[in-house]
Amino acid sequence: MAYDIDMIKKVYSQMSERVNTAREIVGKPLTLSEKILYSHLWDGKPSQKFTRGKDYVEFAPDRIACQDATAQMALLQFMQAGKKNVAVPTTVHCDHLIQAKLGAQFDLPSAKKSSDEVFDFLESVSNKYGIGFWKPGAGIIHQVVLENYAFPGGMMIGTDSHTVNAGGLGMVAIGVGGADAVDVMAGMPWELKFPKLIGVKLIGKLSGWTAPKDVILKVAGILTVKGGTGAIIEYFGEGAQSMSATGKGTICNMGAEVGATTSTFGYDESMARYLRATNRADVADAANEVKEHLTGDDEVYANPEQYFDEVIEINLSELKPHLNGPFTPDLATPISEMGEKAKKNDWPINVDWGLIGSCTNSSYEDLTRAASIAKQAVDKKVKAKSDFGINPGSETIRFTAERDGLLKIFEDLDATIFTNACGPCIGQWDRSDRKGEEKNTIVHSFNRNFSKRADGNPNTHAFVGSPELVAAIAISGRLDFDPTTDTLLNEDGEHVKLDEPTGLELPPKGFDVEDPGYLAPTADGASVEVKVSPTSERLQLLEPFEPWDGKNLMGAKLLIKAFGKCTTDHISMAGPWLRFRGHLDNISNNCLIGAVNAFNKKTNFVKSQITGEYDGVPNTQRKYKAAGIPTVVVGDHNYGEGSSREHAAMEPRHLGVKVVLVKSFARIHETNLKKQGMLGITFANESDYDLIQEDDTFNFIDLEGFAPDKQLTIEIVHADGSKDTIKANHTYNLPQIEWYKEGSALNLIKKQNAA
């Protein structure tokens with residue numbers, strides 16, 4: 001039986017009435033995304049039509065998922081909300097704090113020892129507040145969610161940007177900051193600007209070396225890293241129905257890399273098969289009763305241009321295997337063109353590592369397709385030229401893959417089987433074969449390949465591909481190897497060619513596992529004690545942020561003008577800093593240390609207007625805070641792209657930054673800034689970014705009149721006394737302005753609970 005089956009049945013029992021009502025109100029057939037959104041309104045039955053990309057709407061998500069790195073701060077915030085239990089089903093998954101180094105048998109015990117304080121905190125706080133807890137080694141959050149909690153037509157939020165993976169089972173699953181999750185845990189509505197809709201019509205059928213991963217790699221090349229911002233991507237067509245549920249999950253997962261709010265597919269037989277294979281026949285049976293509401297209306301898919309804001313068509317029969325990168329996931333290159341492109345750009349041809357797994361590609365089907373290539377190499381006497389690393393998606397996947405001999409195939413190629421955890425994908429990788437910042441190439445089946453992402457080396461050229469393509473390239477040891485045409489030299493001096501990969505959608509013997517790693521919470525957690533040592537360097541109880549004084553903000557100094565791409569990895573690095581995710585003051589020592597200073601093109605080196613000297617960003621900002629001087633951060637386009645981590649908003653707030661002024665925001669980060677009581681605004685005229693000088697002072701001369709749809713006026717005073725006056729836009733509505741006034745959304749919740 002599925003977890004929370006009664007909740008799922010309740011969702012389905014209300015869906016018919018709500019969808020039919022929404023169709024009448026909207027006055028036309030509905031997409032799947034609209035059906036799910038309108039059936040999850042906070043007020044229940046739909047009563048008005050919402051304008052895409054404009055109206056802020058309150059929703060009632062069905063469940064919440066948190067990974068261990070972000071759960072710490074989320075639950076530390078929830079502890080302040082004054083609630084006895086979470087209001088909706090919630091789970092915590094320990095997958096981010098496990099470093100990959102020697103293999104699972106060594107790495108998992110090491111992680112438990114080094115992070116025992118954090119794991120104990122998460123287990124106890126989960127037990128106290130009615131939260132399901134998945135132990136270290138149980139698996140990667142998004143694969144575990146797909147196997148246990150995702151259901152067609154549901155709505156979920158999660159404190160990780162790749163929560164969207166659950167779209168593979170027809171959910172609207174959205175990555176949020178911890179403060180958003182806290183709202184829903186506390187029984188409050190969750191607010192989202194009603195998304196625009198991008199339809200992707202898939203015709204034909206995948207074959208040969210082409211995989212579901214290539215669909216999203218192609219889409220990323222079309223939309224770029226910000227082309228999906230503010231939109232849900234809905235896939236449909238015969239090609240969509242021909243793919244497995246886990247393949248669909250891969251596509252939805254990487255929708256985060258184009259900025260999409262989420263991605264989803266309509267309910268079909270592949271989803272039903274997956275639900276039954278993962279012991280959720282009850283969900284499949286319930287879904288079948290309302291299946292007409294779990295996909296878009298026929299008229300929508302017949303004439304998509306009339307119902308979507310943008311339509312993309314991809315012929316799967318013509319789609320070629322892709323390898324995207326380096327340094328950005330939207331630089332799409334068919335593998336047949338990679339050799340020429342690599343030579344032109346002077347990318348290192350020799351491949352040092354091939355990494356398979358992560359939340360994007362760690363299903364049973366993924367492993368079987370990659371293993372089919374690995375087995376050919378063994379059988380044809382070809383030794384792998386690159387190192388191999390494998391991260392199974394869950395203990396269920398690992399146990400089943402070991403039972404079926406898949407892991408043995410990889411081990412025969414001297415692969416290292418890492419823990420069922422994120423590992424190298426999020427920078428949790430102790431890579432022993434590289435020192436310093438040597439230029440090198442790796443290939444992986446992960447989702448992100450930003451500079452320094454995997455190993456901290458800015459010169460590691462990381463390329464993203466399907467598991468089977470990664471396996472082939474790692475075996476060849478060359479970035480320019482095209483398995484569709486090229487041959488390999490084996491130990492006997494013979495030229496051999498790899499056959500096309502083969503795989504199994506689901507294990508023929510079924511999934512199996514001895515201990516999935518789940519701990520259910522106690523029925524009454526009132527007596528459970530959550531301990532946080534006041535001397536801990538890993539955990540710190542939170543203090544509320546100060547409310548706004550209601551006055552204009554005057555005399556603010558420039559902290560940093562960020563140049564170019566500034567992701568959440570630049571604002572709040574992962575890797576070794578993950579250990580401080582539960583200690584706001586300690587982790588704030590990484591605040592903006594990866595951002596490039598526009599004035600000297602260096603990282604973590606900014607000028608202090610107090611001393612005139614250059615220092616690291618956190619040190620400089622702490623001195624501003626001690627002196628009571630407010631500061632401003634200025635940024636470029638898509639500021640805050642990447643992970644959902646709210647630390648990227650909380651750290652500047654904690655250190656005393658008052659305003660983030662940029663050309664444009666990534667959606668999650670903009671919301672996170674708002675939730676933490678920050679002023680997140682955009683240049684009304686993007687070229688005004690060029691006016692900002694290193695010694696500038698900012699006066700927000702009409703902030704006292706802060707109101708929805710009303711521009712803010714900023715007086716910029718330069719060091720020579722000259723001034724520029726510019727306008728800034730914002731997207732704050734009345735409730736969000738209340739967050740700003742109270743100092744944070746959490747402060748407002750506490751105030752309302754006390755009333």
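How many disulfides does the structure hold?

1. The structure, a predicted model, holds zero disulfides. Cys-566 takes part in none, and the cysteine sulfur nearest to its own, that of Cys-591, is 9.7 Å away. Seen from the other side, the sulfur of Cys-591 has that of Cys-566 as its closest cysteine sulfur, and the 9.7 Å between them is too far for a bond, because a disulfide requires the two sulfur atoms to lie within 2.5 Å.

2. Both of these cysteines are buried. Cys-566 has a relative accessible area of 3%, and Cys-591 has one of 2%; each value falls in the buried class because that class covers anything under 20%.

3. Leu-592 is located in the loop between helix H20 (584–587) and strand S23 (606–607). With a relative accessible area of 0%, Leu-592 is buried. Its C-alpha atom is separated by 12 Å from that of Ala-574, a residue 18 positions apart from Leu-592 along the chain.

4. The count of aromatic pairs comes to 25. One of them joins Phe-59 and Trp-190: the ring centres are 6.3 Å apart and the planes stand at 45°, so the pair is classed as tilted. The centre distance qualifies because the limit for a pair is 6.5 Å. Phe-59 belongs to strand S1 (residues 56–59) and Trp-190 to strand S7 (residues 190–193), so this contact links distant parts of the chain, with the two positions 131 residues apart. Phe-59 and Trp-190 are both buried.

5. A further tilted aromatic pair is formed by Trp-134 and Tyr-518, with 5.0 Å from centre to centre and 45° between the planes. This pair also links distant parts of the chain: Trp-134 lies in strand S4 (residues 132–134) and Tyr-518 in strand S21 (residues 518–519), 384 residues apart. Are Trp-134 and Tyr-518 buried or exposed? Trp-134 is buried, at a relative accessible area of 3%, whereas Tyr-518 is partly exposed, at 23%. The latter value is not classed as buried because it is not under 20%. Trp-134 and Tyr-518 also belong to one aromatic cluster together with Tyr-3 and Tyr-149.

6. The ring of Tyr-689 merits attention for its lysine contacts. The charged end of Lys-561 sits over this ring, 4.4 Å from its centre. Lys-663 likewise lies over the face of Tyr-689, at 4.6 Å from the ring centre.

7. Which residues are closest to the centre of the largest cavity? The structure holds seven cavities of 30 Å³ or more, and the largest has a volume of about 200 Å³. Of the 19 residues that line the largest cavity, those closest to its centre are Ala-256, Gly-259, Ala-260, Gly-642 and Ile-668. By class, this lining comprises seven nonpolar, eight polar and four charged residues.

8. The second largest cavity has a volume of about 170 Å³. It is lined by 23 residues, of which His-96, Asp-160, His-162, Ile-426 and Arg-453 are the closest to its centre. The lining of the second largest cavity divides into eight nonpolar, nine polar and six charged residues.

How values were computed. Residues numbered from 1 in each chain as written. Predicted model: local features only at pLDDT ≥ 70, side-chain atom pairs only at ≥ 80, totals over all residues. Heavy atoms only, no water. 1 Å grid on protein atoms, 1.4 Å probe; cavity = no way out; pocket = protein on both sides within 12 Å on 5 of 7 lines; lining within 4 Å. Points joined across faces, edges and corners; volume = space filled by probe spheres on them. Nonpolar A, V, L, I, M, F, W, Y, C, P; charged D, E, K, R; others polar. Phe/Tyr/Trp six-rings, centres within 6.5 Å; stacked < 30°, edge-to-face > 60°. Helix = DSSP H or I, 4+ residues; strand = E, 2+ residues; numbered from the N terminus. Buried < 20%, exposed > 50% of the residue type's maximum accessible area, 1.4 Å probe, protein only. Lys NZ or Arg CZ within 6 Å of the ring centre and 35° of its normal.
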